[in-house]
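Thank you all for making time this morning. I would like to walk through one model with you, and I will keep to what can be computed from its atoms.

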Amino acid sequence: MIVILKQNPNQEQLNSLITWLQEKGIIIHSSIGEAHTILGLVGDTSKLDIDLIAALDIVEDVKRVQEPYKNANRKFHPEDTVVKVGNTQIGGGTLTIMAGPCSVESEEQVVAIAKAVKASGATMLRGGAFKPRTSPYSFQGLGALGLEYLKVARQETGLPIVTELMDLSQLPLFKDVDVIQIGARNMQNFDLLKAVGHQDKPVMIKRGMSATYEEWLMSAEYVMAGGNENVILCERGIRTFETQTRNTLDLAAIPVMKKLTHLPIIIDPSHATGKSWLVDPLAMGAVATGADGLQIEVHNDPARALCDGPQSLKPEDFDPLAKKLLNLHKMIRTLED
Ligand code: PEP
Ligand code: MN
C-alpha cells in the first residue's frame, strides 16, 4: 500500500500515523520528495482500512498495490482449486453440469427431473427448497420438506445436490446437502458467509447483481478466512440498462476470475437471460470461454412451473444441449493440449 502525504504534513500527526502502522506490524519505507512525501507500507496490509487512512488530514491519497483478498488470490496459490463433491469434482479440467428445477415442487417432480438430467449427462442436481422471491406473495419454496425430496432424488440417481441457504437459522438442516449455494441476493450477507466458512461443505457463491469482481472475491475470502477452502464462484448475470434479458451475462468474468483466483467458476445462463431459448447459445459460449461448469434450470412442465418457468428448459431440450456442451468441452481440451 502506498500513502501519499500532503505537502508539509503536521509532524505530530505523521508520527502518530507511523506509530499506529508500526504497532500493526507494518514496515514503512518513506521517500521524501520536494512536493510530497510517500510512505510505502510493507507487510499484511489486508486488515488496514484504506478509507480511514485516506480521510486523515495529512493524507493526499492512498493506493493499494496488492489485492485485499489473500486466500482466494491466485498469486499465493497458483494451482487451480479442485472441489470434491461426492464422487465427482468441480474444476481441474472437468465440466460440471448442475441441472434441475428452479424450485423443488414435489417429490415426483424433482425425482423425475433428476432422472432425466442424469441420463443426459448432468453431474449434479440443483433445486431450491428455500427461495428468495421478489414478492412475498410468490411461492416461497417447500423449505425443509424440499430438502427431503432433494435427498430422495439423490438416493434415486446418485447425483449430489446443490441448494440455496438463505438464512443462518436454516444451516442445521443443510448437514446432508452436498454443495451449499449462497444466492446473488445474499452475496454480501457477511454473517451467512462467516457461518458457511466455519463448516467444511463446499460453498458456491453466486455473484451479486451489482457486485464487482473484487467484491465477489471478498465474499469468497469471508468463507475462506473461516477455514473453508471449498469455494466455487458462479456468474449469473448482472444488472445493466438492457431490458430484453433478465440480466446481462458477463462472460469476461471467466477469464478475469481465472487470472485473479484459483477457485472454479460456474456459469448460470438461466438466471442470466431469463429466457429458455438463450440458454443454449450462452451455455456454449461459457464452455468456449473456459468455464468449469454450468448451472441450468430444467423443468418437466415449464408452463406450470412455480418459479422461473420462462427460463427453464424441458428435459428433451436439455438433453441435446448437455451432449453438445460435453462434446465442445472435449474438443476444446484437445485444442489446448
Ligand atoms: C437460483 O439459483 O434459484 C437463484 C435464485 O439464483 P440467483 O441467486 O442467482 O438469483
Ligand atoms: Mn430460478
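**Two loops, a metal site and a ligand shell**

Let me begin in the loop between β1 (2-5) and α1 (11-23), which is where Asn8 lies. Please keep in mind throughout that this is a predicted model. Asn8 is not a glycine, and yet its phi is positive, at about 45 degrees. Is Asn8 buried or exposed? With a relative accessible area of 74%, Asn8 is exposed.

There is a second residue of this kind, and it takes us towards the metal. Asp308, also not a glycine, has a positive phi of about 60 degrees, and its place is in the loop between β14 (293-297) and α10 (315-336). Asp308 counts as buried, since its relative accessibility is 15% and the limit for that class is under 20%.

Which protein atoms serve as donors to the manganese ion, ligand 2? They are SG of Cys102, NE2 of His271, an OE atom of Glu297 and an OD atom of Asp308, and they lie 2.0 to 2.4 Å from the ion. Written as a sequence pattern, the spacing of these donor residues is C-x168-H-x25-E-x10-D. Within that pattern, His271 belongs to helix α8 (residues 269-273) and Glu297 to strand β14, so this pair ties together parts of the chain that are 26 residues apart in sequence. His271 and Glu297 are both buried.

I turn next to ligand 1. It has 13 residues around it, and those that come nearest are Arg126, Lys131, Ala184, Arg185 and Arg236. Sorted by class, this shell holds 7 charged, 4 polar and 2 nonpolar residues. For the individual polar contacts, let me take three side chains in turn. A polar side-chain atom of Arg236 is 2.6 Å from an oxygen atom of ligand 1, while for Arg185 the corresponding distance, again from a polar side-chain atom to a ligand oxygen, is 2.8 Å. In the case of Lys206, an N or O atom of the side chain is 2.9 Å from an oxygen atom of ligand 1. As for how much of the ligand is covered, on its own ligand 1 has 290 Å² of accessible area, and the protein covers 97% of it.

One further residue deserves a moment, and that is Thr96, which is found in strand β7 (residues 96-100). Thr96 counts as buried, at 2% relative accessibility. Which residues does Thr96 touch, if we leave aside those up to four places away in sequence? Its contacts are Gln89, Ile90, Thr123, Met124, Ile266, Asp292, Gly293 and Leu294.

Let me close by stepping back to the whole chain. It has 337 residues, of which buried residues make up 50%, and it contains 10 helices and 14 strands. The C-alpha trace spans about 75 × 45 × 40 Å along its principal axes. If we consider the contacts with a sequence separation of 6 or more, residues 24 or more positions apart account for 68% of them. Finally, the chain exposes about 15,600 Å², and carbon and sulfur atoms supply 53% of that area.

How values were computed
Residues numbered from 1 in each chain as written. Chains lettered and ligands numbered in written order. Predicted model: local features only at pLDDT ≥ 70, side-chain atom pairs only at ≥ 80, totals over all residues. Heavy atoms only, no water. Near = heavy atom within 4 Å. Polar contact = N/O pair within 3.5 Å; in protein donor to acceptor, adjacent residues only side chain to side chain. Areas by Shrake-Rupley, 256 points an atom, 1.4 Å probe, with all protein chains shown as cover. Nonpolar A, V, L, I, M, F, W, Y, C, P; charged D, E, K, R; others polar. Helix = DSSP H or I, 4+ residues; strand = E, 2+ residues; numbered from the N terminus. Buried < 20%, exposed > 50% of the residue type's maximum accessible area, 1.4 Å probe, protein only. Donors = N, O, S within 2.8 Å, 3.2 Å for Na, K, Ca; no water. Contact = heavy atoms within 4.5 Å.
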